[in-house]
Amino acid sequence: MSVIGRRFRTVAVAALAVGVALGGTACSKKNDDEASGEGGQVKLVLQTFQNFGYDQAIKDFEAANPNIKVEHQKMGELRDFQPKLVQWLAAGSGAGDVVGLEEGVLLGYVQNHDKFTNLLDLGAGELKANFPEWKWNNALTPDGKKLIGLGTDVGGLAMCYRKDLFQQAGLPTDREEVSQRMSTWQDYIALGKEFKASGKVKAAWLDSATSLMQPHVMQNSETFFFDKDNKFIGDTNPVVKQTWDMGLQMAADGLTAKAQRWSADWDAAFKNSAFATLPCPAWMTEGVIAQRSGPANAGKWDIARIPGGGGNWGGSYLAVPAQTKHPKEAYLLAKYLTSKEGHLAAFKEAGAMPSDIAGLEDPAFKDKTSEYFSGAPTGKIFGESVKNMKPVFLGAKHQQIWETIVEPQMQAAERGRLSSDAAWKKAMDEAKKAAS
Amino acid sequence: MSSTVGAVPPSAAASPPSSVPQHRRPSYRFGRWDIKYSPYLYIAPFFVLFGVFGLFPVLYTVYVSLFDYELLSGTKEFAGLENYRVLMADAQFWNAAYNTVGIFVLSTVPQLVVALLLANLLNRQMRARTVLRMGILIPNITSVAAVGIIFALIFADRYGLINWLLGTVGFDPIAWRDNRYASWFAISFMVDWRWTGYNALIYLGAMQAIPKDLYESAALDGASAWRQFWTITVPLIRPTILFTVVISTIGGFQIFTEPLMYGFGLVRGGADHQFQTLAMYIYEQTFTGNAEYGYGSAMSWLLFMMIIIFALINFALVRRSVKGEKK
């Protein structure tokens, strides 16, 4: 007995000693944090992913608010940042005072909004008129009483096309004429058939059948996979199935390059000029298309209006987690970064398209042209596409269902791994399971 | 309480006031304390760190696995064995288990065999021996993400190097991702590229400990090189082979980054989950969507058990098939 007791005690003493040492360091760290908060200075932590382009905007904000210091933590890709954020929010500590939320992520939090501060309580109501209605409403709870995010960028939609390939196939190359020849999706497909029938080009018309889904569904339906009560309707929403069939019919007609989006093959397809058109959100132009096509293809791309009018694809928000100790200051920062000045600074730095209406009208954005895309007036084209857009209800799990279930199945059908019907059934069964 | 009393050295408790000057007693006592307790203190950091970062998470995983715990919505309700019940009927889980075992077999068997042969070659007298020996470790110290990116390009479906080579000699391209077994092969290739050299080096270390005179006498008896390899080298390094088998089993069952990079960063593992491994499925359930921590924990725990079982099976299999020293 006594031997066991003695041994146990010894181990306990040793454990305690180490524990105290560890605890000591933890405590001293905490003291540091508190100390920095003293003396009237407030330190805010801003967490964003990818590149929000806020370096200059933060400097301007700090200059205007000398009592606030901003630490900008760039958290890498969204897929690295999001799981961490989920954990921090659940644990009640670790999240920044202001966090960047991608649209799809934000929609997930609209349903579980208790982790975020209600920005309406902090006076955000006055900002409503600054944003397009749909951008504002996305961050609003269904009862309209709580706002959890302020809009940063939007992804206005256009149609990027390869002028040189159009010319080889004997199609018009002028962006106004091209826009008119593809004012509806039916026209767009007919033009693609003409392109192929010319027999003078090896390239396909479109990169992948799946590229049609986002723009076409969002133009023709007020809902996508979910109705406004967040019930899964992907299998019964006629527009979703119609677009699925339309895309796969294009693939069957040999109009698509069957490249899996965001894969190495897709990247290589740009360089190899494997397709002639691509529906492109604003953030995709310089960041994705120009980068992947490379300098050798500079000046060969151009930008026309998207068939069927406007559209939006992607975009983000800034939110204030409920765990912040400085909600007022955090709101000030979010408000500044989503103001006209903040938007334009981010546009200048990272090409993020403003969601602020005044920002969209500002010459700094409106008169922007893109050299890589044959001098296309990107500001004008993308700006118009966003203003004319009507709101579409996406639902909390939209992005997950699209990106991880429906798109992969549609690609499998496009490549002939499965029949269209079999892929559709699988996708819908899985989506229903994920939605429940 | 009795143990506390018992812990006081009886001699100290019972001894009469001694004549030793008072000021010497503390240092005497400290010396005894030092001898008695210091060893525990020295090894304590390992146990404390293991407890905090090893044991506690494992036990906590078991605890969490008994809950319906969704991080996104904040639900946390006791569910008993419900997670395990759902898991048993989860086709995607068993699909992932099938992929994991398949990729494991396809990668580990050739890997260890080649490593053994490679080590045998390197165990000879040759030029630039050190350079060659260190060289085989280079794939192992390259970043796994970089390896993943390069191999995803080599095995790309349309513009990949291998399909291009196949095309130049007139073969049809291989659907490296749509075909389940092609994807397993490519992922196994990636794993082997990184780990064969590492295992070869471990085998080589063990081979160098074999006394040279065994080979000399075997050669005098007329044993061929192959015979020497099978009857001297392999039996004598048997403990090392068992070690690598167990380590490879543990690593192989946790495979994550290679198939993830191969699927261009999607945890889905192909349109039909044809190369989604257990670790990927655990990640998918735990960190995406609803962040189902309870369900993910149940899966992690089951994976832990599977690793132990497979490690034991493999250990037994290899111990039987490789004859050791006769005792």
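Colleague: Before we begin, what does contact mean here?

Modeller: Contact means that heavy atoms lie within 4.5 Å. Please also keep in mind that this is a predicted model.

Colleague: With that settled, how many residues of domain 1 of chain B are in contact with domain 2 of chain B?

Modeller: Four residues of domain 1 of chain B are in contact with five residues of domain 2 of chain B.

Colleague: Which residues supply the area that domain 1 of chain B buries against domain 2 of chain B?

Modeller: B:Thr61, B:Val62 and B:Val64 supply 84% of that area, more than any other three residues.

Colleague: And where do the two domains of chain B run in the sequence?

Modeller: The domain assignment gives residues 2–64 of chain B as domain 1 and residues 83–321 as domain 2. Taken over C-alpha atoms, the centres of these two domains of chain B are separated by 45 Å.

Colleague: How much area do domain 1 of chain B and domain 2 of chain B bury between them?

Modeller: They bury about 410 Å² between them, and 76% of it is on carbon and sulfur atoms.

Colleague: Let us turn to chain A. What are its domains?

Modeller: Each domain of chain A is given as two stretches of sequence. Domain 1 of chain A covers 42–154 + 315–364, and domain 2 of chain A covers 157–312 + 375–435.

Colleague: How many residues does the contact take from each of them?

Modeller: The contact takes twelve residues from domain 1 of chain A and 14 residues from domain 2 of chain A. The centres of the two domains of chain A, over C-alpha atoms, are 29 Å apart.

Colleague: What area do those two domains of chain A bury between them?

Modeller: Domain 1 and domain 2 of chain A bury about 1,300 Å² between them, with 64% of it on carbon and sulfur atoms. On the side of domain 1 of chain A, A:Leu107, A:Trp134 and A:Met353 supply 41% of the area buried against domain 2 of chain A, more than any other three residues.

Colleague: Now the whole of chain A. How many helices and strands does it have?

Modeller: Chain A has 19 helices and nine strands. Its C-alpha trace spans about 90 × 60 × 45 Å along the principal axes.

Colleague: What share of its residues count as buried?

Modeller: Of the 436 residues of chain A, 55% count as buried. The accessible surface of chain A comes to about 18,300 Å², and 52% of that surface belongs to carbon and sulfur atoms.

Colleague: What share of contacts in chain A join residues at least 24 apart?

Modeller: The share is 75%, counted among contacts between residues at least 6 apart in sequence.

Colleague: How many positive and negative side chains are there in chain A?

Modeller: Chain A has 50 positive and 51 negative side chains. The centres of the two sets lie 5 Å apart.

Colleague: Some single residues next. Is A:Gln411 buried or exposed, and why?

Modeller: A:Gln411 counts as buried because its relative accessible area is 6%, and the cut-off for buried is under 20%. A:Gln411 is placed in helix H18 of chain A, residues 398–414.

Colleague: What does A:Gln411 touch?

Modeller: Leaving out residues up to four places away in sequence, A:Gln411 touches A:Thr210, A:Gln260 and A:Arg261.

Colleague: What is the phi of A:Gln50?

Modeller: A:Gln50 has a positive phi of about 45 degrees, although it is not a glycine. A:Gln50 is in the loop between strand E1 (42–48) and helix H2 (55–64) of chain A. With a relative accessible area of 46%, A:Gln50 is partly exposed.

Colleague: And the phi of A:Ser374?

Modeller: Phi of A:Ser374 is near 55 degrees, a positive value in a residue other than glycine. A:Ser374 is in the loop between helix H16 (363–366) and helix H17 (378–387) of chain A, and at 21% relative accessibility A:Ser374 counts as partly exposed.

Colleague: Back to chain B. Where is B:Ser248 found?

Modeller: B:Ser248 is found in helix H13 of chain B, residues 238–253. B:Ser248 is buried, with a relative accessible area of 10%. Not counting residues up to four places away in sequence, B:Ser248 touches B:Phe104, B:Thr108, B:Gln111, B:Leu112 and B:Asn199.

Colleague: Last one: is B:Gly170 buried or exposed?

Modeller: B:Gly170 is exposed, with a relative accessible area of 60%. B:Gly170 lies in the loop between helix H9 (161–168) and helix H10 (180–207) of chain B.

Definitions and conventions:
Residues numbered from 1 in each chain as written. Chains lettered and ligands numbered in written order. Predicted model: local features only at pLDDT ≥ 70, side-chain atom pairs only at ≥ 80, totals over all residues. Heavy atoms only, no water. Helix = DSSP H or I, 4+ residues; strand = E, 2+ residues; numbered from the N terminus. Buried < 20%, exposed > 50% of the residue type's maximum accessible area, 1.4 Å probe, protein only. Areas by Shrake-Rupley, 256 points an atom, 1.4 Å probe, with all protein chains shown as cover. Lys, Arg positive; Asp, Glu negative; His and termini not counted. Charge placed at Lys NZ, Arg CZ, Asp CG, Glu CD. Domains from an automatic or database assignment. Buried area = accessible area lost by both parts, 1.4 Å probe.
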